[in-house]
Amino acid sequence: MRFPSFPSLIRAFYTISNTTRFAHSPATQKAIAPFTRGTVLKSMPTIPFLGSLFSSSAKDMTEYPVQKSDDEWRAVLNKEQFRILREKGTEAPYTGAYDKHSPTAGTYACAACAAPLYRATHKFKSGCGWPAYFDSIPGAVVRHTDRTFGMERTEITCAKCGGHLGHVFKGEGYPTPTDERHCVNSISLNFKGDEAGAGTAQ
């Protein structure tokens, strides 16, 4: 494989830096704002292996109620959904359908098994580039310790099928009831509105 050029490595460095707990805390959002969006979007297409740098490769031994083989999952998920939900990949920041989605009512469900995961009232604006939730529906999400890439994070998966959702971070200083940020891939979710209250507020 051809080694990436120096500019590509620099873009990768900024991209990875912008996904850390430090970069996403409210105290540093303003400082990194000029770099975050442009740098990330430029770097993603030019570095084929970048998605793997964000992924979680921790082995999940949990027994989930919904069990399917990889072939069975491929039959019901598109290529990108399979990469993220079953192979623990990550979508590019600021590109997800639900990043800026701000409904006043409704439910975000697992895109693989349709299990309800988050309520619209759990969602908040974090500026991190992925949908952020301060809590989940009780019992809907399972947490796992992820020690990939020399750091310890908390991976979150659907409690019904084990689909990879993202990671949860705590103590970042957001003014939410839990001071937690469930950083979730839009690809892992499907939104279902509740009657007239599901309108999106921008």
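Which residues of helix α6 (residues 79-86) are buried? They are Gln81, Phe82, Ile84 and Leu85. This is a predicted model, and the report below starts from that helix and moves on to the sheet and the core.

**Overview**

The protein chain has 202 residues, and 51% of them count as buried. It holds six helices and nine strands. Take the contacts between residues at least 6 apart in sequence: 62% of these join residues at least 24 apart. The chain exposes about 10600 Å². Carbon and sulfur atoms supply 57% of that area.

**Helix α6**

The buried residues of α6 pack against two elements, α5 (70-76) and β7 (164-170). At the start of the helix, Asn78 makes a side-chain to backbone approach. One of its side-chain oxygens comes to within 3.1 Å of the backbone nitrogen of Glu80. Just after the helix, Lys88 has a positive phi of about 60°.

**The six-stranded sheet**

Six strands make an open sheet, in the order β3-β4-β8-β7-β6-β5, with antiparallel pairing. β3 and β5 (141-146) are the edge strands; each has a single partner strand, so one side of each lacks a neighbour in the sheet. In a regular strand, side chains alternate between the two faces of the sheet.

β5 is joined to β6 by six bridges. Within this pair, Thr145 has Thr154 of β6 as its bridge partner.

**The β1-β2 hairpin**

β1 and β2 also run antiparallel, here with three bridges between them. They form a hairpin with five residues in between. Ala114 sits in the turn and has a positive phi of about 70°. Thr107 is bridged to Arg119 of β2.

The two bridged pairs can be set side by side.

| Strand pair | Bridges | Example of bridge partners |
|---|---|---|
| β5 and β6 | six | Thr145 and Thr154 |
| β1 and β2 | three | Thr107 and Arg119 |

**The largest nonpolar core**

The largest nonpolar core has 24 residues. Leu117, Tyr118 and Leu189 have the most contacts inside it. Five elements each supply at least two residues of this core: α6, β1 (107-110), β2, β6 (153-158) and β7.

What does Leu189 touch, residues up to four places away in sequence aside? The list is Tyr98, Tyr108, Ala109, Ala111, Leu117, Tyr118, Tyr133 and Val184. Leu117 and Tyr118 thus appear both among the best-connected core residues and among the contacts of Leu189.

**Cys183**

Cys183 lies in strand β8 (residues 180-184). Is Cys183 buried or exposed? It counts as buried because its relative accessible area is 11%, under the 20% cut-off. Leaving out residues up to four places away in sequence, Cys183 touches Cys128, Trp130, Pro131, Leu165, Gly166, His167 and Phe169. Cys128 is 55 residues from Cys183 in sequence. In space the two are 8.1 Å apart, C-alpha to C-alpha.

**His122**

His122 is a loop residue, placed between β2 (116-119) and β3 (123-124). Why does His122 count as buried? Its relative accessible area is 12%, and buried means under 20%. Neighbours within four places in sequence aside, His122 is in contact with Ala132, Tyr133, Phe134, Asp135, Ser136 and Ile137. One of these, Tyr133, is also touched by Leu189.

Key: Residues are numbered from 1 along each chain as its sequence is written. This is a predicted model: local features need pLDDT of at least 70, side-chain atom pairs count only at pLDDT 80 or more; totals for chains, interfaces and linings use all residues. Side-chain values use heavy atoms; hydrogens and water are left out. Buried means under 20% relative accessible area, exposed over 50%, partly exposed in between (1.4 Å probe, protein chains only). Helices (H or I, at least four residues) and strands (E, at least two) are DSSP runs, numbered from the N terminus. Contact means heavy atoms within 4.5 Å. A polar contact is a pair of N or O atoms within 3.5 Å; within protein, one must be able to donate a hydrogen and the other to accept it, and residues adjacent in sequence count only if both atoms are side-chain atoms. Accessible areas come from the Shrake-Rupley method with a 1.4 Å probe; for residues, only the protein chains shown count as cover. A nonpolar core is a set of buried Ala, Val, Leu, Ile, Met, Phe, Trp, Tyr and Cys residues joined through side-chain atoms within 4.5 Å. Two strands pair if DSSP finds at least two bridges between them.
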